[in-house]
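Student: I would like to go through this model with you, one region at a time. Could we begin once it is on the screen?

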Amino acid sequence: MKILVCISHVPDTTAKINFTNGDTEFDANGVQFVINPNDEFGLTRAIWFKEQAGATVTVVNVGGPDAEATLRKALAIGADEAIRVNTAPTDGFFVAKQLAEVVKNGGYDLVIAGKESLDYNGAMVPGMLAGLTGYDFVNGCIKLDINGSDVTAVREIDGGKETISAKLPLVIAGQKGLVEEKDLRIPNMRGIMQARTKALTILEPVAASATTKAVKFEKPAPKSAVKLISPDNLDELVNLLHNEAKVI
Amino acid sequence: MSILIYAESAEGKFKKTAFELASYAKKIASETGTTVTAVTINVSDASALAAYGVDKALNVNIDKLKAFNAKAYADVIKQAAAKESSKFVLFSSNTDSLYIAPLVAVGLEAGYASNVVGLPQSIAPLQVRRHAFSNKAFTVTEITTDVKVLAIGKNSFGLVESASALTQEDFAPSLNDNDFTVKVESSEKVSGKVTIADAEIVVSGGRGLKGPENWGILEDLATALGAATACSKPVSDLGWRPHSEHVGQTGKPVASNLYIALGISGAIQHIAGINSSKVKVVINSDADAPFFKVADYGVVGDIFEIVPKLTEKIKAFKAQNS
């Protein structure tokens with residue numbers, strides 16, 4: 001089974017968010033970048049298939065040279081090879097178009113992407129990728145089992161979960177729950193050493209247009225200070241929630 | 001050229017988000033001199049949509065669509081959009097809607113903006129404000145295609161009543177076997193409890209509760225408020241509460257009207273996930289807990305004393321006001 005894991009290179013969860021260039025660009029200065037957390041669950045599951053069923057695991061990122069450190073980390077975690085499509089990830093559709101080309105050329109059986117990335121929160125690339133490649137699609141996947149070309153997946157639904165059957169080839173959008181947090185693979189020394197010699201191929205992008213553009217970024221309005229209520233005066237809290245906030 | 005909305009339903013009844021979506025669509029329709037059409041699946045009576053400005057409901061009555069199927073539902077909506085020559089196709093941010101929206105966008109060659117906050121800042125060019133960077137910022141995004149798909153962020157636009165004369169039509173899209181290659185085998189729902197996704201109020205607990213055996217005080221408060229229960233990541237990782245209650249950046253997002261955090265210090269990742277809640281109340285014994293910086297209301301003190309008292313006050317308030 002050939003698995004393609006799509007990796008986004010995103011600011012660390014604790015990064016301070018600032019904008020530059022007249023608020024039209026994210027200010028990456030001094031920001032630590034990591035593998036998008038939702039992608040990590042998919043990557044660990046892919047490595048599991050590699051170990052249990054001899055699958056091959058390719059990781060792919062659409063991005064500039066700065067994304068290579070993140071791809072090397074994915075290789076250190078256990079992926080066999082990496083691909084970087086050399087272009088800025090301008091919008092979700094553009095990224096999906098680039099990934100669709102990689103999928104078509106590589107003949108992958110299973111494509112795993114993260115349900116949503118922490119930076120632009122589009123939650124659209126996996127679905128668009130499925131639409132563009134014609135592969136079936138399972139979103140919000142929290143369990144994935146494969147037997148030959150038969151797939152049993154569980155997806156998270158509002159208030160519960162749904163068990164689904166499908167066939168390869170398939171795109172799944174992974175999230176927390178696909179593997180347990182404690183089972184996430186992290187790079188060890190051996191993995192890091194091996195990552196240095198694994199193939200990282202750079203591909204030029206195919207012609208495609210974005211269908212949206214970010215006009216500008218805004219930070220939220222500064223918050224007014226918290227209203228502290230004494231523990232001896234909880235009546236006041238109930239009163240404020242009812243009359244001022246109007247939430248009860 | 002009507003504004004098309006996917007009015008999500010369960011067991012023949014519309015979800016609340018369908019009415020919010022209708023309200024939003026009506027505003028755009030008014031601005032663009034057009035009408036609102038809703039696509040409904042297996043809903044025999046769509047008249048509830050009339051109060052919120054929907055002019056036409058296209059109901060699809062197909063047995064095979066009784067179980068959710070993203071590809072088939074997307075195909076239905078694509079065909080409805082083509083029939084209506086819609087320039088706008090709107091979705092809510094419910095789980096199933098977010099599953100379908102990107103498929104519809106690709107099918108219609110339409111640009112797609114998700115997590116949209118509020119009405120568009122401009123219609124031509126179409127510019128919308130959306131959440132980004134895990135609720136730490138907003139982007140103003142322009143959709144440059146002729147047809148535009150929007151997913152409206154949870155709780156970001158209220159209900160606006162606008163009585164319409166609603167016509168209901170049967171719509172028969174053409175579907176084929178290829179639409180049904182992904183099948184639902186079974187589903188499990190936690191019955192009776194309000195879900196975090198649908199809840200207007202969420203009561204959440206952190207390590208300050210000291211152990212799973214102490215969760216009773218939180219559950220009592222949640223019951224008194226008719227709220228969903230949630231927890232922080234450490235609590236979920238420790239196994240004190242089920243994973244499904246974990247809210248935060250890598251857990252479920254919360255966009256309720258009220259979020260009450262008990263014994264949660266307020267790590268950045270937790271706040272990022274719950275930041276779309278309208279009103280935040282923090283109760284913690286540590287006056288320096290970072291969560292107080294983003295709270296609207298706060299109480300510093302012993303949660304084991306405060307929470308039961310608060311529950312009594314809420315019960316009394318509800319009794320008075322019912």
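Student: In which sense do strand β13 (residues 201-205) of chain B and β14(B) pair?
Tutor: They pair in the parallel sense, over 4 bridges. Two strands pair if DSSP finds at least two bridges between them; strands (E, at least two residues) and helices (H or I, at least four) are DSSP runs numbered from the N terminus. The model is predicted: local features need pLDDT of at least 70, side-chain atom pairs count only at pLDDT 80 or more, and totals for chains, interfaces and linings use all residues. Residues are numbered from 1 along each chain as its sequence is written, with chains lettered from A and ligands numbered from 1 in the order in which they are written.

Student: Which residue stands opposite T229(B) in β14(B)?
Tutor: That is V203(B). Between the two strands, the chain leaves β13(B), passes through helix α4 (residues 216-225) of chain B and enters β14(B), a β-α-β crossover that is right-handed (with the strands pointing away from the viewer, the path from the first strand over the helix to the second runs clockwise).

Student: And are the residues of β14(B) buried or exposed?
Tutor: A228(B) and A230(B) point one way and T229(B) and C231(B) the other, and all are buried (20 or more other C-beta atoms within 10 Å of a residue's own, C-beta atoms being placed from the backbone).

Student: Changing topic, how many strands form the open sheet that ends in β12(B)?
Tutor: There are 10, in the order β13(A)-β7(A)-β6(A)-β1(A)-β8(A)-β12(A)-β9(A)-β10(A)-β11(A)-β12(B), with mixed pairing.

Student: Why is one side of β13 (200-203) of chain A left without a neighbour in the sheet?
Tutor: It stands at an edge, as does β12 (183-189) of chain B, and each has a single partner strand, so one side of each has no neighbour in the sheet.

Student: What about β1 of chain A and β8 of chain A?
Tutor: Strand β1 (residues 2-6) and strand β8 (residues 110-114) pair in the parallel sense over 3 bridges, and I3(A) stands opposite L110(A).

Student: How many residues of chain A are in contact with chain B?
Tutor: 60 residues of chain A are in contact with 71 residues of chain B (C-beta atoms, placed from the backbone, within 7 Å). On the chain A side, β11(A) gives the largest share, 8 residues.

Student: Which strand of chain B does β14(A) pair with?
Tutor: Its partner is β9 (residues 137-143) of chain B, in the antiparallel sense over 6 bridges. There, K216(A) stands opposite V140(B).

Technical notes:
A residue is buried if 20 or more other C-beta atoms lie within 10 Å of its own, exposed if 12 or fewer, and partly exposed in between; C-beta atoms are placed from the backbone. Two residues are in contact if their C-beta atoms, placed from the backbone, lie within 7 Å.
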